[in-house]
Amino acid sequence: MRSFLAVLVTLAFSLPSQANEVDAGKAFSLNSQCPASFSLENGVCRLVSQYQFYDSVQGRGVGGTQTSLPPYRDGFSPKQIDLGRILFFDPLLSKDGSISCASCHQPDKGFSDDLDRSIGVTGEKVARSAPTLWNVAFLDKFFWDARSNTLEEQAMGPLFDPKEMGNTPEKLLHDLNSNAVYKSLFAEAFEHGGDIELNQIYKALTAFQSSLISLNSRYDQYAHGYHQALTSQEIKGMNVFRSFVARCAECHQPPLFTNNQVAVIGAPEPEGQPFDIGAEKTFNHFKMKGGFKVPTLRNIVKTPPYMHSGRYDNLREAVAFYNDGRGNAVPEDMTLYIHWHITSPELTEDEVDAIVAFLGALTDESLTPRIPDTLPSGLPPVDSNYQQLTNTNNNNLKLNNGH
Ligand code: HEC
Ligand code: HEC
C-alpha cells in the first residue's frame, strides 16, 4: 500500500504546477460560513449552546443536568476551521504520505479507530488508544497522561512522533510550502501572503477540532427539559450513574461527562502489556502512578475498545470493572493511590445494565463534518486500505508497509 501511495505522491508533485493551480482554483475554496452550532460575529465563529444559559455547577449537586460549560476554545474564522478540516484529512502531513490525523481519528468511529492501540507510520502499534476528538474544545489537558495543555501544542505530538506520523517540522513546512494550493489556502485563511508557518498549521487544526461539538444527544434533550427523550431504563441508569453509591458523575461530570481532571482508578493493562505509569511521568509524582485523564463519555458507544490501553472490548465490561471492587486489577507488587471516589459500589447486574443503557443516550453525531472529496496533495482523504485493515484485523493488526 505504501509504495502505491508513494506513486500517488510522486504523481501529484510531478504535475505541471500550472495545471495544479487551475485545478486548485476550481476544486478548493474555503467555506466562509461557520459550522452549525456556531454564529458568525465580527468575522469569527462563536459557539451557541443551550448550556450557556445555565449557571455554574455550584449549588446544583453532583451530576446536575442543567450545569454550565467550562471555558472553551472558539473564535476562529470560518476559513481557518475549513482549512483545518482539509489538513486533518490530508496524509501529506505524515512522513511518507501514508496516514492523516483522520486515520486514527475517523469520523465514523467517533473520531477514534476501533483499535486497542492505534497504528502509526511504522505499521506498529503506539502506546495507547486513540481518544475521541468530540468536544475537545472544552478540554484544558490533552493526552491520556495530560502532558499537553493546548490543542496547538498537542498537534506537535502526533505530527513529529516517529511512531505516529513520523514527520519533521522542516519536511512538513517544505511539503506544504511547495504545494501551490496550500499556499493559497493558507494565505486566504490567515490573510498573510508569505510562507506557511508551523503555528498556522497548529492553529488551523485547533480551529477544526474545536468545531467538533456534540451537545445534542437524547440525554441533552432530557437535560433541557424534554423528559420523554430518555426511556425509563435510561433514566434509571442516569440516576445510578449520578448516585453517591456509583459516583460516576463525580468524575464523569455533566454536561461533558468529564471533570477535566486526572484520576488513578487502577484499570488493567491488556495481557502481556507492561504497566503504564501514565500521569506519574507528567507530574513527576508517585501518587499519580497509573493516573489518566478522565475521558468524556459522550459518543462512548462509538469508541470501543475502552480505557487508555483499549483493555475492554465493550462498554459493559468497562462499566463492570468499577463493580469488581476497588483496586481489583492492580498488580500485586504495586502500590497505587486510587482515587477516593473509586469504591466497591456492589451494583446489581440490572443497575450495571441500566448504566450501559444510559451511556447509549449520550450519542450525538449531528455535527459530523464533511470529509473532503479531494485534497490539495492529491492523496486519498480517507485511506480505504487502512480502514479496511483496521476493520477486519482489529486486534492483531500489523500493516504490511510494502518494504
Ligand atoms: C497513529 C495514530 C494517530 C494519528 C495519526 C493521530 N493521532 Fe491523535 N491520538 C492518537 C493517540 C493514540 C492518542 C492518545 C496518546 C496518548 O494519550 O498518549 C491521541 C491523542 C490525540 C488528542 C488528545 C485528545 C484528548 O482527549 O486528550 C488530540 C487532540 C489528537 N490526538 C489530535 C490529533 C491530530 C490533530 C492529529 C493529526 C495532526 C492526530 N491526532 C493524529 C492517535 C493518533
Ligand atoms: C475517580 C474518578 C472516576 C470515577 C468515580 C469513575 N470514572 Fe470512569 N474513568 C475515569 C478515568 C481516569 C478513566 C480512564 C482510565 C484509564 O484509561 O485507565 C475512566 C474511564 C471510563 C470509561 C472508558 C472511557 C473510554 O473512552 O475508554 C468508562 C466507560 C467509564 N469510565 C465509565 C464510568 C462509570 C460507569 C463510572 C461509575 C460506575 C465511572 N466511570 C466512575 C475516572 C473515573
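Which of the 26 residues around ligand 2 come nearest? In this predicted model, that place is taken by Cys248, Cys251, Ala267, Tyr306 and His308. Two helices, H11 (248–251) and H13 (315–323), each contribute at least two residues to the shell around ligand 2. The largest share, four residues, belongs to H13. In terms of chemistry, the shell around ligand 2 is made up of 19 nonpolar, five polar and two charged residues.

The surroundings of ligand 1 can be described along similar lines. Here 30 residues lie around the ligand, and Cys101, Cys104, Phe143, Trp144 and Pro158 come nearest. At least two residues of the shell around ligand 1 are supplied by each of helix H4 (101–104), helix H5 (151–160) and helix H8 (198–209). Among the contributors, H5 gives the most, with five residues. Sorted by character, the shell around ligand 1 holds 20 nonpolar residues, along with seven polar and three charged ones.

Turning from the ligands to a single loop position, Pro71 sits in the loop that runs between strand E2 (44–47) and helix H3 (78–89). Is Pro71 buried or exposed? Pro71 counts as exposed because it has 8 C-beta neighbours inside 10 Å, and the exposed class covers residues with 12 or fewer. A link across the sequence can also be noted for this proline: the C-alpha atoms of Pro71 and Ala137 are separated by 8.7 Å, while the two residues stand 66 residues apart along the chain.

Key. Residues are numbered from 1 along each chain as its sequence is written. Chains are lettered from A and ligands numbered from 1 in the order in which they are written. This is a predicted model: local features need pLDDT of at least 70, side-chain atom pairs count only at pLDDT 80 or more; totals for chains, interfaces and linings use all residues. A residue is buried if 20 or more other C-beta atoms lie within 10 Å of its own, exposed if 12 or fewer, and partly exposed in between; C-beta atoms are placed from the backbone. A residue is near a molecule or strand if its C-beta atom, placed from the backbone, lies within 6 Å of it. Ala, Val, Leu, Ile, Met, Phe, Trp, Tyr, Cys and Pro count as nonpolar, Asp, Glu, Lys and Arg as charged, and the others, Gly among them, as polar.
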